Amino acid sequence: MRTRSEVRRRSHGGTAAAVCAASLTLPVLLAAPGEAAPRTAPAAPSCVAMYQSWRYTEAGNDCAGPANVLVVYEDGFAGLCSTVAPFTVRTVGEGYLGPHGRADHLEACEPS
């Protein structure tokens, strides 16, 4: 026959395992109802480079004119369109600790 403390320990262990399993699967279920549609926008010009730190993603423009670019992250999320002046570096997105992970590439865009 089990004592009350043994029963309590076993019931908490099962509850903890269920909570742990739910906490691991629930974000996955809520995060993406389906795969992101593939993007068909043109790549950023070759004279624009991308730099990423833990906090920011920056675009460096070595082109003769301004460049309009946006960041596409590894999860498919696309940031806002930013204009980068010639021969400057500008912050254009979040770093790799942001909600979308690492930046995958820059794309050309039209500012709105």
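How many helices and strands does the protein chain have? The protein chain has 1 helix and 6 strands, where helices (H or I, at least four residues) and strands (E, at least two) are DSSP runs numbered from the N terminus. Read from the N terminus on, these elements follow the order α-β-β-β-β-β-β.

The model is a predicted one, in which local features need pLDDT of at least 70 and side-chain atom pairs count only at pLDDT 80 or more, while totals for chains, interfaces and linings use all residues. Residues are numbered from 1 along each chain as its sequence is written, and side-chain values use heavy atoms, with hydrogens and water left out.

## The chain as a whole

Of the 112 residues in the protein chain, 21% are buried; here buried means under 20% relative accessible area, exposed means over 50%, and partly exposed lies in between, with a 1.4 Å probe and protein chains only. The accessible surface of the protein chain comes to about 8000 Å², and carbon and sulfur atoms account for 59% of that area; such areas come from the Shrake-Rupley method with a 1.4 Å probe, and for residues only the protein chains shown count as cover. Among contacts between residues at least 6 apart in sequence, 60% join residues at least 24 apart, a contact being defined by heavy atoms within 4.5 Å.

## Two sheets

Strands of a sheet pair through backbone hydrogen bonds, either parallel or antiparallel. In the present analysis, two strands pair if DSSP finds at least two bridges between them.

One open sheet of 3 strands has the order S4-S3-S6, with antiparallel pairing. Strand S4 (82-84) and strand S6 (103-108) each have a single partner strand and stand at the edges, so one side of each is left without a neighbour in the sheet. Neighbouring strands of this sheet are turned by 40° against each other on average, direction ignored; the axes behind this angle are lines fitted to C-alpha atoms, for helices over the stretch in contact, and angles run from 0 to 180 degrees between N-to-C directions. Within this sheet, S3 and S6 pair in the antiparallel sense over 5 bridges, and Val72 has His105 in S6 as its bridge partner.

Another open sheet of 3 strands is ordered S1-S2-S5, with antiparallel pairing. Its edge strands are S1 and strand S5 (88-94), each of which pairs on one side only. Here the average turn between neighbouring strands is 25°, direction ignored. The antiparallel pairing of S2 and S5 extends over 6 bridges, and Gly60 has Val89 in S5 as its bridge partner.

## Residues and their surroundings

Ser82 lies in strand S4, and Asn68 is found in strand S3. Leaving aside neighbours within four places in sequence, Ser82 is in contact with Ala67, Asn68, Val69, Arg90, Val92 and Cys109. On the same basis, Asn68 touches residues including Ser82, Glu107 and Pro111; the C-alpha atoms of Asn68 and Pro111 are separated by 6.9 Å, although the two residues are 43 apart along the chain.

Two further residues are placed in loops. Pro66 lies in the loop between strand S2 (56-61) and strand S3 (67-73), and, not counting residues up to four places away in sequence, touches Asn61, Thr83, Val84 and Pro86. Pro66 and Ala85 are 19 residues apart in sequence and 4.5 Å apart in space, C-alpha to C-alpha. Ala43 is placed in the loop between helix H1 (4-31) and strand S1 (48-52), and its contacts, apart from neighbours within four places in sequence, are Leu106, Glu107 and Ala108.

| Residue | Relative accessible area | Class |
|---|---|---|
| Ser82 | 9% | buried |
| Asn68 | 23% | partly exposed |
| Pro66 | 60% | exposed |
| Ala43 | 58% | exposed |

## Aromatic rings

A search of the whole structure finds 1 aromatic pair. Tyr73 and Phe77 form this pair, which is tilted, at 6.2 Å centre to centre and with 35° between the planes; rings of Phe, Tyr and Trp (its six-membered ring) pair if their centres lie within 6.5 Å, and planes under 30 degrees apart count as stacked, over 60 as edge-to-face and the rest as tilted. Tyr73 counts as buried at 5% relative accessibility, whereas Phe77 counts as partly exposed at 38%.

The charged end of Arg102 sits over the ring of Tyr96, 4.1 Å from its centre; the criterion is that NZ of Lys or CZ of Arg is within 6 Å of the ring centre and within 35 degrees of the ring normal.
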